[in-house]
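The following note sets out several points for a colleague who is examining this model at the bench. Each point may be checked against the coordinates as displayed.

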Amino acid sequence: MAFPLILLAFECCVLVATANVLLSPGYYPSSQVPTSPFDREFRTLWGSQHQRTEQDVITLLLDKSSGSGFKSLRSYKSGYFGASIKLQSGYTAGVDTSLYLSNNQEHPGDHDEVDIEFLGTTPGKPYSLQTNVFVRGSGDRNVIGREMKFNLWFDPTQDFHHYSILWNPNQIVFYVDDVPIRTYDRKNEAIFPTRPMWLYGSIWDASDWATENGRIKADYRYQPFIAKYTNFKLAGCTADGSSSCTPPSASPMGNRGLSQRQMGAMAWAQRNFLVYNYCHDPKRDHTQTPEC
């Protein structure tokens with residue numbers, strides 16, 4: 001009876017090893033877009049006293065008095081938007097560090113948004129990377145979130161990693177170090193963002209919901225909380241640009257979708273690191289999310 005046990009142990013080891021081996025996507029959109037200087041593309045939106053620049057690294061700080069945020073100078077109809085981010089280690093419960101597209105200032109209560117958010121945690125537990133899409137929908141101001149949450153295959157506090165969103169007329173793709181982790185397809189006009197959006201970054205207190213659904217709050221004995229951003233990449237079609245503009249490609253196939261290798265890498269990421277999918281949540285009213 002020893003042989004089957006040995007075989008089972010071997011199979012378990014193979015499965016664990018497979019989960020830890022990063023599958024190459026074969027295409028690297030970040031390499032197609034040059035780095036943009038922060039002061040050429042962005043302005044401080046709030047919390048200027050909680051923002052500092054050292055060479056090409058922008059540090060945002062959150063303490064009990066304020067957080068901080070920035071916004072791109074231009075709005076876009078489509079494009080590739082990314083930054084390399086390094087998160088703070090230790091106790092960060094309740095803290096939200098974000099990179100996102102939005103037009104909330106132009107359409108309050110009825111806006112579109114495409115989010116990458118890092119949800120703070122407690123020592124010994126991993127950060128969650130939350131992706132989300134808000135869409136105006138029917139215009140009834142009933143904003144419906146479409147959250148998918150991931151753990152990561154690395155420690156995001158140890159070094160900078162590149163996080164990005166590619167938004168074209170057919171699809172939204174979320175990337176981590178050029179590995180696509182999620183796509184959101186344009187299935188109909190009502191559930192896909194089409195109005196111009198700006199790129200934002202911020203750090204703020206989201207204690208009401210960010211960590212274990214708000215059970216664990218921000219603890220300002222550990223302040224200041226910081227997030228470091230660098231290697232900004234913006235390329236796309238600006239709102240006031242030519243109607244013939246072509247946005248960057250999500251894959252070597254142009255704007256026809258991801259390649260087979262990219263699809264395989266995304267399947268690997270979702271199989272091993274996806275921890276929440278709004279479409280699979282039995283508590284959600286899925287009549288409001290017809291794409292599910």
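**Notes on the predicted model**

1. Cysteine 245 is partly exposed, its relative accessible area being 31%. The model is a predicted one, and the values below should be read accordingly. Cysteine 245 is bonded to cysteine 237, with an S to S distance of 2.1 Å. Cysteine 237, by contrast, is buried, because its relative accessible area is 4%, and the cut-off for buried is under 20%. The torsion about this S-S bond, between cysteine 237 and cysteine 245, is about -85°, and the disulfide is therefore left-handed.

2. How many disulfides does the structure hold? There are two. Besides the link already described, cysteine 279 is joined to cysteine 292, with an S to S distance of 1.9 Å. Both cysteine 279 and cysteine 292 lie in the segment after E15, so this disulfide ties together parts that are 13 residues apart in sequence. The link of cysteine 279 and cysteine 292 is left-handed, with -80° about the S-S bond. Cysteine 292 is partly exposed, at a relative accessible area of 42%. With the bonded cysteines of the chain numbered in sequence order, the pairing reads 1-2, 3-4.

3. The principal sheet to examine is an open one of eight strands, ordered E1-E4-E13-E6-E7-E8-E9-E15, with antiparallel pairing. Its edges are strand E1 (42-46) and strand E15 (274-277), each of which pairs on one side only. From one strand to the next, the twist averages 20°. As background, strands of a sheet pair through backbone hydrogen bonds, in either a parallel or an antiparallel manner.

4. At the E1 edge, the neighbouring strand in the order is E4. E1 and strand E4 (residues 68-72) run antiparallel and are joined by four bridges. Which residue in E4 is the bridge partner of tryptophan 46? The partner is glycine 69.

5. Some backbone geometry deserves inspection. Most residues other than glycine have a negative phi, and most peptide bonds are trans. The bond between glutamine 223 and proline 224 is a cis peptide bond, with omega about -5°. Proline 224 is placed in the loop between strand E13 (198-205) and strand E14 (225-238).

6. Two residues with positive phi should also be viewed. Aspartate 178 has a phi near 70°, which is a positive value in a residue other than glycine; its place is the loop between strand E11 (171-176) and strand E12 (179-185). Glutamate 212 has a phi near 50°, again positive and in a residue other than glycine, and this glutamate is found in the loop between E13 and E14. Is each of these residues buried, partly exposed or exposed, and on what value does that rest? Aspartate 178 is buried, because its relative accessible area is 6%. Glutamate 212 counts as partly exposed, because its relative accessibility is 35%.

7. Glutamate 212 appears again at the largest pocket, being one of the residues that lie nearest its centre, together with Ser128, Lys149, Ala210 and Asn213. The lining of this pocket comprises 21 residues, and the space within the largest pocket is about 430 Å³. Strand E8 (128-134) and E15 each supply at least two residues of the lining. By class, the lining has eight nonpolar, eight polar and five charged residues.

Methods
Residues numbered from 1 in each chain as written. Predicted model: local features only at pLDDT ≥ 70, side-chain atom pairs only at ≥ 80, totals over all residues. Heavy atoms only, no water. Pairing = 2+ DSSP bridges. Axes fitted to C-alpha atoms, helices over the stretch in contact; angles between N-to-C directions. Buried < 20%, exposed > 50% of the residue type's maximum accessible area, 1.4 Å probe, protein only. 1 Å grid on protein atoms, 1.4 Å probe; cavity = no way out; pocket = protein on both sides within 12 Å on 5 of 7 lines; lining within 4 Å. Points joined across faces, edges and corners; volume = space filled by probe spheres on them. Nonpolar A, V, L, I, M, F, W, Y, C, P; charged D, E, K, R; others polar. Disulfide = S-S within 2.5 Å.
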